[in-house]
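Student: I would like to learn how to read a structural model with care, taking one feature after another. Could we go through an example together?

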Amino acid sequence: MITLLFSSILVLVSGIWVQAAQPIESRNHVPDCEIVAAICRMHNGTVNGVIRLSKQRVTAPVTVTGEIRGLSPGLHGFHVHEFGDLSGGCASAGGHFNPYDKRHGSPRDDNRHVGDLGNIEAGADGVANINIADHQLRLCGPISIVGRAIVVHAQRDDLGQGGNEESLRTGNAGARVGCCVIGAARLQ
Ligand SMILES: [Cu+2]
Ligand SMILES: [Zn+2]
C-alpha cells in the first residue's frame, strides 16, 4: 500500500516536472492553431493584388505583405473587417474587426480595433507595396482573422486623431475601393 502511494506520488511529481520542462511554445500549442499562413486575393475592377499573411513562430508577429495596384496615389486606410462576406460587395464585410470592443486607432495603439492596420501608400503609379508586422492579428484561435476580409479605402485613415466621432469608429477613411476574403494558405 505504501509502495503504491509512493509510486503514485512519483508519477504525479514526474508529470509536473515533464510539463514544466517543456518549452513555452509547445505548452502553448493549441491543436486547432495549425494555420500559419493565409492569403487574400483582391480583384475589384481596377483595384487588385495579392496579400500574404504568415506567422512563423508562436511569439512572432503576423506579417502582411504584398502589392495592391490601381489605387489613387497617396495614403489609403487598410483594415481587417469583421466578415468575409462580399455578397453585397465590400459593403457586406461589416465594420472593423473589433473582438475586444475598443475604439478605432493606430496599429501602434493599445486601444485599437484588432483590424486596424493603419494606411498603405500608393505611389504615382498607383501601386502600394505592403509590408506590415502586427502583434495583435491572429491566424488561428478564437480571434482568428482567417475567413474575414481585408478592405482598402479611398482615403487616408486618420488613426482616431480626426477629432470627431467617426474618427473613433472608422478613421474617416471613406469608400471601400477594394476588398478580399482571407483564406488559409500554404506557408511559403
Ligand atoms: Cu476599413
Ligand atoms: Zn478601426
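**Reading the model step by step**

Student: Which residues outside its own stretch of sequence is Ala 122 in contact with?

Tutor: A contact list is read by setting aside the sequence neighbours and asking what remains. Once neighbours within four places are left out, Ala 122 is in contact with Leu 71, Ser 72, Pro 73, Gly 74, His 76, Val 127 and Ala 128. Ala 122 belongs to strand β6, which covers residues 116–122, and its C-alpha atom is separated by 6.4 Å from that of Leu 75, a residue 47 places away along the chain.

Student: Is Ala 122 buried or exposed?

Tutor: Ala 122 counts as buried because it has 20 C-beta neighbours inside 10 Å, and the cut-off for that class is 20 or more. The strand as a whole can be read in the same manner: six of the seven residues of β6 are buried, so β6 is largely enclosed by the rest of the structure.

Student: Which way do β4 and β6 run, parallel or antiparallel?

Tutor: β4 and β6 run antiparallel and are joined by five bridges; within this pairing, His 79 stands opposite Asp 116 in β6.

Student: Before going further, how much confidence does the predictor place in the protein?

Tutor: This is a predicted model, and so the confidence values deserve attention before any detail is interpreted. The mean pLDDT of the protein is 87, with 82% of its residues reaching 70 or more. Over residues 1–25, however, pLDDT stays under 50, and the model has two contacts beyond four places in sequence for that stretch. Where pLDDT is low, the predicted coordinates should not be read in detail.

Student: How many helices and strands are there, and in what pattern do they follow along the sequence?

Tutor: The protein has two helices and nine strands, and, read along the sequence, the pattern is α-α-β-β-β-β-β-β-β-β-β. Contacts add what this order cannot show: among those between residues at least 6 apart in sequence, 62% join residues at least 24 apart. Buried residues make up 35% of the 188 residues in the protein.

Student: Which residues touch the most other members of the largest nonpolar core?

Tutor: That core has 33 residues, and Ile 68, Ile 150, Cys 179 and Ile 182 are the ones that touch the most other members. The elements giving two or more residues to this core are β1 (37–44), β2 (47–54), β3 (62–69), β4 (74–81), β6, β7 (128–134), β8 and β9. Taking Ile 68 as a case, and leaving aside neighbours within four places, its contacts are Met 42, Val 47, Gly 49, Ile 120, Ala 128, Ile 130, Val 152 and Gly 178.

Student: What should I look at in the backbone angles of Asp 101 and Asn 172?

Tutor: The sign of phi is the thing to inspect, together with the residue type and its surroundings. Asp 101 is not a glycine, yet has a positive phi of about 55°, and Asn 172, also not a glycine, has a positive phi of about 55°. Asp 101 is found in the loop between β5 (87–90) and β6 and counts as exposed, because it has 6 C-beta neighbours inside 10 Å. Asn 172, in the loop between β8 (149–153) and β9 (176–184), is buried, because 21 other C-beta atoms lie within 10 Å.

Note on methods:
Residues are numbered from 1 along each chain as its sequence is written. Chains are lettered from A and ligands numbered from 1 in the order in which they are written. This is a predicted model: local features need pLDDT of at least 70, side-chain atom pairs count only at pLDDT 80 or more; totals for chains, interfaces and linings use all residues. Helices (H or I, at least four residues) and strands (E, at least two) are DSSP runs, numbered from the N terminus. A residue is buried if 20 or more other C-beta atoms lie within 10 Å of its own, exposed if 12 or fewer, and partly exposed in between; C-beta atoms are placed from the backbone. Two residues are in contact if their C-beta atoms, placed from the backbone, lie within 7 Å. pLDDT is the predictor's confidence in each residue, from 0 to 100. A nonpolar core is a set of buried Ala, Val, Leu, Ile, Met, Phe, Trp, Tyr and Cys residues joined through C-beta atoms within 7 Å. Two strands pair if DSSP finds at least two bridges between them.
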